Amino acid sequence: MTIRLTVAQALVRFLAVQYTARDGARQRLIGATWGIFGHGNVAGIGQALVEYADVMPYHQGRNEQSMVHAAVGYARQSNRLSTHAVTTSIGPGATNLVTGAALATVNHVPVLLLPGDVFATRPADPVLQQLEVPYAGDVSVNDTLRPVSKYFDRVTRPEALIPSALQAVRVLTDPVETGAVTLALPQDVQAEAYDWPEEFFSTRVWTVRRPGADPTELAEAVRAVRAARRPLVVAGGGVHHSRAEDALAEFASLTRVPVASTQAGKGSLRHDHPQDVGGIGHTGTATADELARTADLVIGVGTRWTDFTTASGTLFENPDVRFLNLNIAPFDGHKLAGLPLVADARSGLGELTAALGLHGHRAADSYVTEYTEAKRRWEQRVDSCFEAGEPGVRPTQPQVVGALDALVDESDIIVNAAGSLPGDLHKLWRARSHDQYHLEYGYSCMGYEIPAAIGVKLAAPERNVWALVGDGTYLMMPTEIVTAVQEGIAIKILLVQNHGYASIGGLSESVGGERFGTAYRFPADGGSLTGAPLPVDLAANAASLGMRVLRAKTVRELRAALAEARAADTPTCVYVETETSDTVSGAPPAQAWWDVPVAETATRPSAVKARELYERHVSTRRRHL
């Protein structure tokens with residue numbers, strides 16, 4: 001039996017009956033489709049979404065990149081078991097997907113991209129928005145999505161959709177290979193009819209695997225842990241993807257091995273778990289970084305060992321340090337010349353815990369006392385950062401974080417990605433649940449926060465979802481506020497005004513760049529941007545997009561505004577201007593180095609001094625072999 005449908009109609013019907021299954025639970029793979037329509041998809045995918053509105057929910061976006069961010073937020077909150085599709089027209093609509101696709105692939109989060117493409121039959125050549133490439137007639141702007149996609153295909157014939165769609169779903173549901181998947185759809189092919197086999201539209205359930213460890217690798221891992229005197233776990237995002245938090249807590253409690261976390265892994269243990277020692281690396285805590293410097297075995301669980309985590313290869317100083325990498329991806333399991341334990345995080349931790357339990361293996365009392373006392377001292381520093389200043393004075397950014405930290409409970413979710421906030425949050429935030437801390441730091445993409453918060457809220461409508469946004473990232477992509485208002489998606493935005501790119505300003509100063517081009521100010525003498533702050537009212541801007549806005553000038557007003565926003569059932573923004581003077585105490589400085597090369601020759605004293613410091617740091621870097 002066959003069913004006559006257009007290619008676009010067939011694709012929508014196919015996607016509506018794809019499911020994932022893990023641990024006995026089943027859920028729909030494509031929960032909804034985001035779309036902005038133009039001539040490249042309005043008559044194809046657009047018409048199909050109207051045709052099948054009863055089986056495929058639709059969300060109207062304002063920016064193609066932000067639609068991908070919303071899909072990523074939804075997918076991450078759904079533990080990668082469900083995601084959204086994103087459709088765009090050809091030309092600029094398609095190329096606007098590239099940043100979002102890169103973000104999804106870097107973070108191993110599934111999203112399905114359905115950009116329109118130029119005519120496959122080439123009745124007119126070129127058509128509107130077509131990129132002409134003299135040496136290759138089959139290239140379009142959609143080819144820019146190839147390097148940032150885990151699977152890419154251009155469907156130039158109706159019958160080609162069947163294998164292409166099946167391959168797309170295979171990659172979306174593969175815990176190792178998942179990321180952005182792109183099906184480029186020529187606009188004429190989308191509207192073309194074909195007689196489809198009925199089986200194509202049968203419900204399919206794709207099992208998300210939990211592979212266990214190889215017995216030989218597991219035995220090696222057990223021997224390494226038992227031989228270690230100063231072991232340290234580094235928990236990465238794979239702990240959350242696998243829902244291995246309970247397994248990690250059991251391992252930590254049994255062995256008493258301290259657990260540090262990457263940005264993606266923070267919250268793997270609650271902040272008050274005895275073995276949690278906070279963030280690690282350049283934005284980490286003093287507790288975790290000191291443990292890393294003396295560790296003789298570092299157990300990476302679901303981490304891909306980025307430069308922020310390793311302090312650009314300078315953090316793990318012990319000459320005898322070895323690495324044990326529990327990771328579902330062999331590529332990451334072999335990093336840092338480590339012992340690989342290739343397995344799902346939850347499965348692997350369970351097997352490792354059981355094997356160590358047979359030997360009654362536990363860290364020494366002296367080691368436990370050492371990191372427990374260090375953690376206590378760090379918590380005192382956090383309390384000091386959060387403590388309110390003088391009445392009537394603008395709060396510092398850590399005080400803003402502290403005001404929110406004091407208000408939320410384990411049901412709240414905070415979303416952030418870029419600027420100075422990630423560093424403060426990694427050091428200071430006290431994660432109360434496994435999914436409270438939603439930081440996108442694999443790509444650290446400005447503009448991610450607001451659309452991602454919408455995606456998270458769609459996946460967890462009963463939760464309070466906070467987008468923590470600096471003025472720099474807000475100006476990149478505030479447009480999805482309109483979507484939140486339109487659909488009544490009650491996200492909360494905490495908008496922090498510090499008059500510039502604060503994070504890069506500080507970095508610029510440290511590397512001899514003298515904060516050039518990082519302040520939102522009028523030009524002063526010599527054309528430098530050091531004059532008065534720009535008279536930009538971001539609160540008024542958010543209100544003009546339909547959002548309710550609460551302004552706060554002091555810590556006291558901020559606490560009241562945050563509480564009011566948390567209780568609101570409509571999209572609400574809390575706006576606060578922070579104190580940015582160099583004399584004002586902020587978050588603790590970086591506890592570990594980060595390699596940003598400094599000019600090797602310069603005449604300005606700031607750059608000369610920065611180069612001297614750089615050479616001292618870079619001399620301590622090592623390759624773990």
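# Contacts, cores and cavities

Biologist: Which residues does Ile491 touch, leaving aside its neighbours within four places in sequence?

Modeller: Contact is counted when heavy atoms lie within 4.5 Å, and on that basis Ile491 is in contact with Ile450, Ala453, Ile454, Lys457, Val465, Ala484, Met547, Thr570, Pro571 and Thr572, once its neighbours within four places in sequence are set aside. The model is a predicted one, in which local features need pLDDT of at least 70 and side-chain atom pairs count only at pLDDT 80 or more, while totals for chains, interfaces and linings use all residues. Residues are numbered from 1 along each chain as its sequence is written, and side-chain values use heavy atoms, with hydrogens and water left out.

Biologist: How should I read a nonpolar core, and which residues of the largest one touch the most other members?

Modeller: In soluble globular proteins, nonpolar side chains tend to be buried together. A core here is a set of buried Ala, Val, Leu, Ile, Met, Phe, Trp, Tyr and Cys residues joined through side-chain atoms within 4.5 Å, where buried means under 20% relative accessible area, exposed over 50% and partly exposed in between, with a 1.4 Å probe and protein chains only. The largest core has 48 residues, of which Leu113, Ile491 and Ile493 touch the most other members. Helix H3 (residues 64-77) gives this core its largest share, 6 residues; helices (H or I, at least four residues) and strands (E, at least two) are DSSP runs numbered from the N terminus. Another core of 35 residues lies apart from it, and includes Ile30, Met56, Val155 and Ala165.

Biologist: How many disulfides does a search of the whole structure find?

Modeller: A disulfide is a covalent bond between the sulfur atoms of two cysteines, and the test applied is a pair of cysteine sulfur atoms within 2.5 Å. The search finds 0 disulfides. Cys573 cannot be paired because its sulfur is 20 Å from the closest cysteine sulfur, in Cys445, too far for a bond. Cys573 counts as buried at 0% relative accessibility, and Cys385 is buried as well, at 11%.

Biologist: How many cavities are there of 30 Å³ or more, and which residues lie closest to the centre of the largest?

Modeller: On a 1 Å grid over the protein atoms alone, a cavity is a set of points where a 1.4 Å probe fits but cannot get out, a pocket is an open set with protein on both sides within 12 Å along at least five of seven lines, and lining residues have an atom within 4 Å of a point. The search finds 4 cavities of that size. The largest has a volume of about 170 Å³, and of its 21 lining residues Lys266, His271, Asp276, Gly278 and Trp429 are the closest to its centre. Strand E14 (276-279), helix H15 (365-386) and helix H17 (421-428) each supply at least two residues of that lining. In H17, 8 of the 8 residues are buried, among them Asp424, His426 and Lys427.

Biologist: What volume does the second largest cavity have, and which residues line it?

Modeller: Its volume, the space filled by probe spheres set on grid points that are joined across faces, edges and corners, is about 70 Å³. Its lining includes Arg22, Asn79, Arg80, Asp174 and His241.

Biologist: Is Asp332 buried or exposed?

Modeller: Asp332, found in helix H13 (residues 330-333), is buried, with a relative accessible area of 7%. Leaving aside neighbours within four places in sequence, Asp332 is in contact with His108, Thr303, Arg304, Asn325 and Asn327.
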